[in-house]
Amino acid sequence: MAEANFLNEINKRRTFAIISHPDAGKTTITEKVLLFGQALQKAGTVKGKKSGQHAKSDWMEMEKERGISVTTSVMQFPYRENLVNLLDTPGHEDFSEDTYRTLTAVDSCLMVIDAAKGVEDRTRKLMEVTRLRDTPIITFMNKLDRDIRDPLELLDEVETELKILCAPVTWPIGCGKEFKGVYHLHRDEVILYKSGLGHMIQDVRIVKGLDNPELEAAIGSGLLETLRDELELVQGASNEFDQELFLEGELTPVFFGTALGNFGVDHMLDGLVEWAPAPQGRQTEDGKIESDAEQFSGFVFKIQANMDPKHRDRIAFCRIVSGKYEKGMKMRHSRINKDVRISDALTFLAGDRELLEEAYAGDIIGLHNHGTIRIGDTFTSGENFRFTGIPNFAPELFKRIRLKDPLKQKQLLKGLIQLSEEGAVQVFRPLINNDLIVGAVGVLQFDVVVARLKAEYNVDAIYEHVNVSTARWVYSNDAKKLDEFRRKADVNLALDGGDNLAYIAPTMVNLQLAKERYPDIEFKETREH
Ligand code: GDP
């Protein structure tokens, strides 16, 4: 009996993230999704619009001003018989590394496309990332209350540009001021749209069947004719939904609607709970752990500081891969090979922290981090092992960081190392001098670091130019050769925040020469934790 309950808890979970280009409507959809999840009484509080309630630290102010979201949050809510975990992905291009790691923690993705614009840059990039793990994709064509592009053309663009087959599940009737609703191809019914009700869950009017005389009265004969013609084309030219192809990431069910008008979001959610996979297992160094394994296991994909200034600690986000978390349980922190008792893991209900009693595979729990947890760490009960596949990327931009007040060197170093544990930046300490070099994937991260150093560590830091243009983590199976390399190439070597050896090259040519000169050394662009 307990066994059946355990499996049921896992099978009812769906863990997903939204991928989209900025402004396509990710935030709006999140609000509506939560409205359906009844986590919020009234949608509209996701971006912290009730600003009085959550005082924000400086860097959060900064991200608000710039309209970017640095903060990845996790929201859990019930939908029908299921329990859904939505992981927010940082929206700005600068944070692609964080986004990448967040996508390792989900089992499916919702791709939101602005139907007036079609496939945009950021969506292309994110789709490449989901490809790495063949994550199943559900598509929502948004902003049907505006004049959109020809829906058939949109599907065609998705298919050719993103290399994924489209299976429309709903089909739009008109758009802009003439948007009347959608025809649900699987249910053979028209769901009628009423504008101005986006803030609530609506009592929608449904008309069964295309030949129903009610339909013509509702949408007019012109639109009905267009609908019939288009459906004929769609049924001839596009694909039918296929569960297997969907699970392999080769076919995406497509829904049309308007997030702002809260129309169509529920059709998408119905599809998500019906078709998207329940929590999947993950690879470890010695094979795969399935989600129904009894042993508790999970990995840390994100560390975040000061989400709420009232709690001045850092939270490690851990995706549970298998088993069950129970309050007060003992877990093994695999990298440092130590047992820890966790009695205060957090869950995140629409931004509010709550203490958690139990959690299952697919859930995200927040662990308080006092400096020992790093991105990529594995937690287990019972047998000890490590999950793989959560990388750090070599930064492409570098600056030397210096204090205005030299007495605070220790504080600066502490701050930089903690920020690098979060994965937002890398810090490099050259072997031959006392410089501190900050490496980032995107240029905005430099400003975030200075703002956070000031707000959280009370140090004033400034940047200077440094002659570094790329970095590689270095490895060798031959300890002697590595040692020799360490001596001979010391002017270009540094330790990162986690004391891993890295080669920092002034030019790409220099890196190339080093590779040729030291063939027994591996120079890696990513570092797996
Ligand atoms: P994000 O950057 O992807 O999170 O996008 P937002 O959800 O913040 O939306 C960007 C803008 O598009 C906002 O002004 C929204 O009000 C607007 N928007 C979102 N969904 C719709 C929609 O369905 N119709 C219309 N007309 N506007 C929308």
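Is Lys 163 buried or exposed, judged by the C-beta neighbours inside 10 Å? Select Lys 163 and count around it: with 11 C-beta neighbours inside 10 Å, this residue counts as exposed, because the cut-off for that class is 12 or fewer. Bear in mind throughout the tour that the model is predicted.

**Stop 1: two loops with positive phi**

Stay on Lys 163, which is found in the loop between α6 (151-162) and β6 (165-168), and look at its backbone, where phi is positive at about 55 degrees although the residue is not a glycine. As background, most residues other than glycine have a negative phi. Next select Asp 499, in the loop between β30 (493-495) and β31 (501-505), where phi is again positive, near 65 degrees, in a residue other than glycine. Asp 499 counts as exposed because it has 8 C-beta neighbours inside 10 Å.

**Stop 2: the whole chain, coloured by domain**

Zoom out to the full protein, whose secondary structure comes to 14 helices and 33 strands, and in which buried residues make up 44% of the 529 residues. Among contacts with a separation of 6 or more, 73% are accounted for by residues 24 or more positions apart. Colour the protein by its division into domain 1 (1-46 + 96-275), domain 2 (282-380) and domain 3 (394-528).

Now hide domain 3 and turn to domain 1 and domain 2, whose centres, taken over C-alpha atoms, are separated by 31 Å. Across this boundary, 15 residues of domain 1 are in contact with 14 residues of domain 2. On the domain 1 side, the elements that give two or more residues are α1 (2-11), β1 (13-20) and α4 (96-103), and of these α1 gives the most, with 4 residues. Coloured by class, the residues on that side of domain 1 divide into 7 nonpolar, 3 polar and 5 charged.

**Stop 3: the ligand**

Select the ligand together with the 17 residues around it, of which Lys 26, Thr 27, Thr 28, Thr 258 and Leu 260 come nearest. Which helix gives the most to this shell? Helix α2 (residues 26-36) does, with 3 residues. Taken by class, the shell has 4 nonpolar, 8 polar and 5 charged residues.

**Stop 4: Trp 171 and helix α8**

Move to Trp 171 in strand β7 (residues 170-173). Trp 171 is buried because 22 other C-beta atoms lie within 10 Å, where the cut-off is 20 or more. Leaving aside residues up to four places away in sequence, Trp 171 touches Val 182, Tyr 183, Leu 185, Glu 230, Leu 231, Val 234 and Phe 256. Draw a distance from Trp 171 to Glu 230: these two residues are 59 residues apart in sequence, yet 8.8 Å apart in space, C-alpha to C-alpha.

Then select helix α8 (residues 221-237), which has 17 residues and reaches 24 Å from its first C-alpha to its last, close to the 24 Å expected at 1.5 Å a residue. Colouring by burial shows that α8 is hardly covered, with a count of 1 buried residue among its 17 residues.

**Stop 5: the nonpolar cores**

Where are the residues with the most contacts inside the largest nonpolar core? That core has 94 residues, and the places to select are Leu 110, Val 300, Cys 318 and Ile 365. Strand β15 (residues 314-322) gives the most to this core, with 6 residues, and the core draws at least three residues from each of domain 1 (1-46 + 96-275) and domain 2 (282-380).

Centre the view on Ile 365, which touches Cys 318, Ile 320, Tyr 325, Ala 345, Leu 346, Thr 347, Leu 356 and Ala 359, not counting residues up to four places away in sequence. Apart from the largest core lies another core, of 30 residues, among them Val 441, Phe 485, Ala 505 and Ile 521.

**Stop 6: Gln 409**

Finish by bringing domain 3 (394-528) back into view and selecting Gln 409 in helix α11 (residues 409-421). Gln 409 is partly exposed because 14 other C-beta atoms lie within 10 Å, a count that falls between the cut-offs for exposed and buried. A last distance, from Gln 409 to Gly 181, spans 62 Å in space, C-alpha to C-alpha, for two residues that are 228 residues apart in sequence.

Technical notes: Residues are numbered from 1 along each chain as its sequence is written. This is a predicted model: local features need pLDDT of at least 70, side-chain atom pairs count only at pLDDT 80 or more; totals for chains, interfaces and linings use all residues. A residue is near a molecule or strand if its C-beta atom, placed from the backbone, lies within 6 Å of it. Ala, Val, Leu, Ile, Met, Phe, Trp, Tyr, Cys and Pro count as nonpolar, Asp, Glu, Lys and Arg as charged, and the others, Gly among them, as polar. Two residues are in contact if their C-beta atoms, placed from the backbone, lie within 7 Å. Domain bounds come from an automatic or database domain assignment. The expected span of a helix is 1.5 Å times one less than its number of residues. A nonpolar core is a set of buried Ala, Val, Leu, Ile, Met, Phe, Trp, Tyr and Cys residues joined through C-beta atoms within 7 Å.
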